[in-house]
Amino acid sequence: MPRMYFSGVDSDTITIDDPSNRCITINPELFIRVLNNRELNTRVFLDTHLLKIGGNEDGQERRAEKLVSKGNASVGLGNMPSIPIVVYTSRALITAEFREMSSDDFKDRYLAPLDIALKESNICRRPLAQEYAYPRGDAMHIEQAIQEYFNEIAIPIKGLYRDVGDTNNYFGSPSIIRPPLDRKRRIQPDIIRMKNESDSDMQYPEIVFGIGDYKTGVYKMTQGFEEFKTAISNRRRLRSHSIGDFFPGREWSPRVLFALVLSKYIYQAFLCGTDRILISDHQTFSGFFRYEIVDGEMIIDYYVINNPETVENGITLRSAIAGFFYKNVADTADTKARLMKSFDIANNTGIKKLEESDPFFNVRPRDPSGSSGKLPRRGFSGNLDSVKENDASDNFDAIDGNTYCRVVYDSAEFYPDLKLPSPVFVKLYYYSSRLWEENSLMCLEIPEKEGYYGMFFNELLINERIAKSEFASNFPKLLVSGYWNGLSDHPMHIFEYLGKEVPEEKWNNKEVYKVIKSRLEELHSIGISHNDVRLANIHVSVSGKISLIDFGLSDYTNNEEHKKNDFETLEYILRANGSNESFKHANQVNVKSEAIPADRADKNDKYGNDSNSSSEEVFDEGSSGTFGTQITIEDIASKPSRR
């Protein structure tokens, strides 16, 4: 058996397998020996192999062989991608030279710097555990299982990075971030190591050491990677310098999928000012890629691990991840500065349309009709039109949340085909495997796509019902609903802008209570219950207008229990009448499962001071049991405000 890189111990000396395949155990003698030596403890921890995702039933979970569909492939470039950067990186990729690293090369480049840091640092933590249980998953929840397991892997590595570097180093699954080279863009890689000014400002990293992605579903990445390299080699052999489509027609194959995955993360890494990318499905493929672009020519050095349980050549997947994402701040800043020069070159190319310049444009998933078409949803039978947006303008304020919201100050500039007042409030829905952070631990609540988009249609239907009522003028007016630039997976609403908000501490609570109670009574009279009454969904403008907003979780079933919950929640959060008796009563009331689960509040919004709100949470009616059957009003009231 090989001697492991960090500890120098033979791999068969480190762990003992459980015959029932439930866990692996650290050799008791070794564990006791290194327990109080924190450096040795860390070294054995890094050399302890990771585990495959096991099925909830006996044996390994079988995964479908059919290639993931275009509609479910995680290869999108996000909202309003930087067209010059997409084209620049994609064109460089189709002529890239791929150079495979040997295990010795990988050790020298990525494990050795961390090894030196371990020797020179004061290690405060003991990350090694006595045993490691096999992570469990099933076909319906494999994405959650893989991401949850990565979070378990990431937490002690994040602590290690803080021991050997700056305390503001973060490693794990981020919320949406604004990449350092282009703050107008928004990205959300599954994995990131970054340095920010403080833990309270996670959306604006100062530098990024590396990013990564965990793929679920069937991507066949090992096959796709080899086929993509062959396609590039054949193109080079034919001396083809065409900047047209790289793949024929609308091909959908493993090589196309891999090309789109790699191009997506090179694009995101480029915006982040980093040259390191991990792409993994955790089960059969973990590829470590370092790219460099010189005069438009790309070189990619790579190292692939095909089994997370490997100890081959003294490298575990855990040690590879920890070493690959470790880099000192000075070297990382140099990489950022070098990429910034290329960024400026790319932005001066004058390219404005992907369809004319992107070599992967013909195979990128998109709405083939160019407009909305018809997406059937319960209670909605109409068609929604494309909403054309001018993404060259930056005259807006963003509010990041489960939906991407903006206050757009010049409607004519943004939406030249629409006649809208200025400013307006724009709410864009798009699916993202979002994780909510709580006390540095990850609370895994990844929304189902159908439930997430269903919330958009639900809000549309509720607003249409309100607009037809005699109370329409008392609620924010929905001006336009449609699909952002014709993309059917990017539905959006445009509302009237309610104006700048008054901070909660300056509210007249009795007046707010009185007005919102009236709004609820009006809704209830037409059969609607709000189901998400909380401070974040109450808007008090500087003009004095008080509004109830966000109807993504509302229903119009005329349910008396829901109506009662609306009033009791309002009474609790504002304590308007000051009655101790009512306060006690409010604490005892349970809000049923139709209300938003308290632990799923998005805590990452840093922009809410001038927003209508973007705080409705994802709720999938088809899987409500996943989140428990009830929470208390005190739970809802204790959630932080989005303002």
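This passage describes a sheet, the helices around it and one exposed site in a predicted model.

We may begin with the sheet. Seven strands form an open sheet in the order β4-β12-β11-β10-β9-β8-β7, and their pairing is mixed. The edges are taken by β4 (97–100) and β7 (169–172); each has a single partner strand, so one side of each lacks a neighbour in the sheet. From one strand to the next, the twist averages 20°. Within this sheet, β10 (residues 276–280) and β11 (residues 286–294) run antiparallel and are joined by 5 bridges. S280 finds its bridge partner in β11 at S286.

Two helices pack on the sheet. Helix α8 touches β4, β9 (207–214), β10, β11 and β12 (297–305), and its direction makes about 160° with that of β9. Helix α9 also packs on the sheet, touching β7, β9, β10, β11 and β12, with its direction at about 25° to that of β11.

Helix α8 (residues 254–272) deserves a closer look. Its 19 residues reach 27 Å from the first C-alpha to the last, close to the 27 Å expected at 1.5 Å a residue. Of these 19 residues, 18 are buried, so α8 is largely enclosed by the rest of the structure. The residue that follows α8 is G273, with a positive phi near 75°.

Helix α9 (residues 317–324) has a helical partner as well: it packs against α5 (residues 103–120) at an angle of about 75°, the axes lying 8 Å apart. The two helices are therefore roughly perpendicular to each other. On the α5 side the contact involves F106, Y110, L111 and L114, while α9 contributes S319, A320, A322, G323 and F324. By class, this contact has 7 nonpolar and 2 polar residues, with no charged ones.

A second helix pair is formed by α14 (residues 509–525) and α15 (residues 560–574), whose axes come within 10 Å and cross at roughly 175°. These helices are therefore roughly antiparallel to each other. Residues of α14 in the contact include N509, V512, Y513, I516 and L520, and those of α15 include K563, D566, F567 and L570. The contact of α14 with α15 divides into 7 nonpolar, 2 polar and 5 charged residues.

Finally, there is the exposed site. A412 belongs to helix α12 (residues 411–414). Its relative accessible area is 54%, and because exposed means over 50%, A412 counts as exposed. The C-alpha atoms of A412 and S422 are separated by 7.9 Å, with the two residues 10 residues apart along the chain.

Terms used:
Residues are numbered from 1 along each chain as its sequence is written. This is a predicted model: local features need pLDDT of at least 70, side-chain atom pairs count only at pLDDT 80 or more; totals for chains, interfaces and linings use all residues. Side-chain values use heavy atoms; hydrogens and water are left out. Helices (H or I, at least four residues) and strands (E, at least two) are DSSP runs, numbered from the N terminus. Buried means under 20% relative accessible area, exposed over 50%, partly exposed in between (1.4 Å probe, protein chains only). Axes are lines fitted to C-alpha atoms, for helices over the stretch in contact, and angles run from 0 to 180 degrees between N-to-C directions. Angles under 35 degrees count as roughly parallel, over 145 as roughly antiparallel, 65 to 115 as roughly perpendicular and the rest as oblique. Contact means heavy atoms within 4.5 Å. Ala, Val, Leu, Ile, Met, Phe, Trp, Tyr, Cys and Pro count as nonpolar, Asp, Glu, Lys and Arg as charged, and the others, Gly among them, as polar. The expected span of a helix is 1.5 Å times one less than its number of residues. Two strands pair if DSSP finds at least two bridges between them.
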